[in-house]
Amino acid sequence: MPAQAKVAILLCTFNGARFLQGQLDSYAAQTHANWTVWASDDGSGDGTLAILERQRLAWGPGRLTIVGGPGRDRGRRERQDQEQGKQGTFHGILLSISVE
C-alpha cells in the first residue's frame, strides 16, 4: 500500500465495550499512519460510547469520528458507514465488535 494512501476504517459497534479498547489500540499500533476511524454505534448501553469519546479526545481532531447508528437494520447502517468513509483510498468494515 502506498505510504500516502488514506485508509478509512468503518467500525460498527453495539455493546462491545469489553473488546473495544483493544481494537482501537490495535489501529494505533499499525505501521501505516494515514488512517481515520468512522465509528457508528447502534445504541450501546455498556459504555461503548464513553470509550469512543475518550479515544476521540486522546487521538485528537480528524482521527476518530463518531456517528449514531439507526438502531435497527444493520445492512442500512453498513451502507451509511461506507458512504461516510469514502474519503479514504482503502476501506475496511469491521463487524466483530457487536456483542449481544
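Ala 17, Leu 20, Gln 21, Leu 24, Asp 25, Tyr 27 and Ala 28 of helix α1 meet Thr 48, Ile 51, Leu 52, Gln 55 and Trp 59 of helix α2. Sorted by chemistry, the residues of this contact divide into eight nonpolar, three polar and one charged. Keep in mind as you look around that this is a predicted model.

How do the two helices lie relative to each other? Helix α1 covers residues 17–28 and helix α2 covers residues 48–59, and their axes come within 9 Å of each other, crossing at roughly 20°. Angles under 35 degrees count as roughly parallel, and α1 and α2 are therefore roughly parallel to each other. If you turn the model to view one helix across the other, you will find that α1 passes α2 in a right-handed crossing.

Stay on α1 for a moment and look for Phe 19, which has its place in this helix. Is Phe 19 buried, partly exposed or exposed? Its relative accessibility is 41%, so Phe 19 counts as partly exposed. Measuring from C-alpha to C-alpha, you would go 9.3 Å from Phe 19 to Thr 48, although the two are 29 residues apart in sequence. Thr 48 is one of the α2 residues in the helix contact described above.

Now step back along the chain to the loop between β1 (7–13) and α1, where Asn 15 is found. The backbone deserves a look here. Most residues other than glycine have a negative phi. Asn 15 is not a glycine, yet its phi is positive, at about 50°. With a relative accessible area of 22%, Asn 15 is partly exposed.

From the loop, move into the strands. Leu 11 has its place in strand β1, and at 0% relative accessibility Leu 11 counts as buried. Its C-alpha atom is separated by 4.6 Å from that of Ala 39, a residue 28 places away along the chain.

Strand β2 spans residues 35–41, and Val 37 lies in it. Val 37 is buried too, with a relative accessible area of 0%. Which residues does Val 37 touch, leaving aside those up to four places away in sequence? They are Ile 9, Leu 11, Tyr 27, Trp 59, Arg 63, Leu 64 and Thr 65. Two of these names have come up already: Tyr 27 in α1 and Trp 59 in α2 both take part in the contact of the helices. Leu 24, another α1 residue of that contact, has its C-alpha atom 9.0 Å from that of Val 37, and the two are 13 residues apart along the chain.

With these places in mind, the whole chain is easier to follow. The secondary structure comes to three helices and four strands, and from the N terminus on the elements run β-α-β-α-β-α-β. Among contacts between residues at least 6 apart in sequence, 81% join residues at least 24 apart. Leu 11 and Val 37, which touch each other, give you a place to start looking at such contacts. Of the 100 residues of the protein, 38% count as buried. As for the surface, the protein exposes about 5500 Å², and carbon and sulfur atoms supply 52% of that area.

Technical notes: Residues numbered from 1 in each chain as written. Predicted model: local features only at pLDDT ≥ 70, side-chain atom pairs only at ≥ 80, totals over all residues. Heavy atoms only, no water. Axes fitted to C-alpha atoms, helices over the stretch in contact; angles between N-to-C directions. Parallel < 35°, antiparallel > 145°, perpendicular 65-115°, else oblique. Left-handed = near helix turned anticlockwise from the far one by under 90°. Contact = heavy atoms within 4.5 Å. Nonpolar A, V, L, I, M, F, W, Y, C, P; charged D, E, K, R; others polar. Buried < 20%, exposed > 50% of the residue type's maximum accessible area, 1.4 Å probe, protein only. Areas by Shrake-Rupley, 256 points an atom, 1.4 Å probe, with all protein chains shown as cover.
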